[in-house]
Amino acid sequence: MRQCSLKYTEFTGNFPAIAAQCLQKLPSSNNKFTYNCDHHTFNFLVEDGYAYCVVAKESVSKQISIAFLERVKADFRKRYGGGKADTAVAKSLNKEFGPVMKEHMKYIIDHAEEIEKLIKVKAQVSEVKSIMLENIDKAIDRGENLTILADKSETLHSQAQEFRKKGTQVRRKMWYQNMKIKLVVLGILLLLVLVIWLSVCHGFNCAN
């Protein structure tokens, strides 16, 4: 793991020594790790050979600590990426990057509630995504690969369109039938009226 040590703290204690001991035990693979010691948590974010650490009270959630480390990591890579940090002398970046870490720490503290909500939303999205992927895996395990599922979906879509088309045709046919019946009834009524009128007229002529 690359040696580029910098730190920021407003408290005194043996935190740096404990953090250094934890650092020696960290795997080199990219991951997140948390160690508990003396009512504090030592949270590490390891990525691309660099280890980012923050010490917090046990009352502070792990998600908040990791959110802080993610911000620090992003800013650090932006400033010292491309090999700049590899050539830096140990603790030589404290003066420059220490105040930056303080700003990130203040932001996390001031927006802790918002960050917690955002983390919960991301967790829910991740859970939904996992469920969807699990359902897809189950479908594949049942032998229904994506091609078959797509074909079934297309078939159902075609059937739905055909059903709507037939429904429209049936409604149109029924409308014509109803209209035909109405016209026939109307014709019969007109014929009756005509017959009655002719009968009445003929009766008057006979009287004259």
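The exercises below, each with a worked solution, concern a predicted model.

**Exercise 1. The nonpolar cores**

Find which residues have the most contacts inside the largest nonpolar core, and which elements give two or more residues to this core.

Solution.
- Step 1. The largest nonpolar core has 20 residues. Those with the most contacts inside it are Y52, F68, L69, F76, Y80, F97 and I108.
- Step 2. Two or more residues come from each of β3 (50–57), α2 (62–80) and α3 (94–110).
- Step 3. With eight residues, α2 gives the most to this core.
- Step 4. A second core, separate from the largest one, has eight residues, among them I18, F42, F44 and V46.
- Background: nonpolar side chains tend to be buried together in soluble globular proteins.

**Exercise 2. The sides of helix α1**

Determine which residues of α1 (residues 15–25) are buried, and which exposed residues lie on the face turned away from them.

Solution.
- Step 1. I18, A19 and C22 are the buried residues of α1.
- Step 2. Around the axis these residues cover an arc of only 100 degrees, so they sit on the same side of α1.
- Step 3. A general rule is useful here: an α-helix has 3.6 residues a turn, so residues three or four places apart point the same way.
- Step 4. Q21 and Q24 are exposed and are carried by the face of α1 turned away from its buried side.
- Step 5. The cover over the buried residues of α1 includes β1 (31–37), β2 and β3.

**Exercise 3. A salt bridge between a loop and a helix**

Explain why the salt bridge between D48 and R77 ties together separate parts of the sequence, and state whether each partner is buried, partly exposed or exposed.

Solution.
- Step 1. In the salt bridge of D48 with R77, the closest N and O atoms are 3.6 Å apart.
- Step 2. D48 lies in the loop between β2 (40–47) and β3, while R77 lies in helix α2, so the pair ties together parts that are 29 residues apart in sequence.
- Step 3. Exposed means over 50% relative accessible area, and buried means under 20%. D48 has 40% and is therefore partly exposed. R77, at 42%, is partly exposed.

**Exercise 4. Salt bridges within helices**

Compare the placing of the pair K106 and D110 with that of the pair E113 and K117, and give the exposure of each residue.

Solution.
- Step 1. The structure holds seven salt bridges.
- Step 2. K106 pairs with D110, their closest N and O atoms being 2.8 Å apart. Both residues lie in helix α3, four residues apart, about one turn of the helix.
- Step 3. K106 is exposed at 53% relative accessibility, and D110 is partly exposed at 47%.
- Step 4. E113 pairs with K117, with the closest N and O atoms 3.8 Å apart. These two residues are four apart in helix α4 (residues 112–141), so about one helical turn separates them.
- Step 5. E113 is exposed, with a relative accessible area of 58%, and K117 is exposed, with 51%.
- Step 6. Elsewhere, E47, D48, E70, K73 and R77 are joined into one network by salt bridges that share partners.

**Exercise 5. An annotated span**

State which residues the UniProt annotation "transmembrane region" covers, and describe the span in the model by its helix and strand content.

Solution.
- Step 1. According to the unreviewed UniProt entry, the annotation covers residues 181–200.
- Step 2. In the model, this span is 100% helix and 0% strand.
- Step 3. The end C-alpha atoms of residues 181–200 lie 29 Å apart.

Technical notes: Residues numbered from 1 in each chain as written. Predicted model: local features only at pLDDT ≥ 70, side-chain atom pairs only at ≥ 80, totals over all residues. Heavy atoms only, no water. Core = buried A, V, L, I, M, F, W, Y, C linked by side-chain atoms within 4.5 Å. Buried < 20%, exposed > 50% of the residue type's maximum accessible area, 1.4 Å probe, protein only. Salt bridge = Lys/Arg side-chain N within 4 Å of Asp/Glu carboxyl O. Arc of directions from axis to C-beta. Contact = heavy atoms within 4.5 Å. UniProt positions renumbered as here; feature names shortened; annotations may be inferred.
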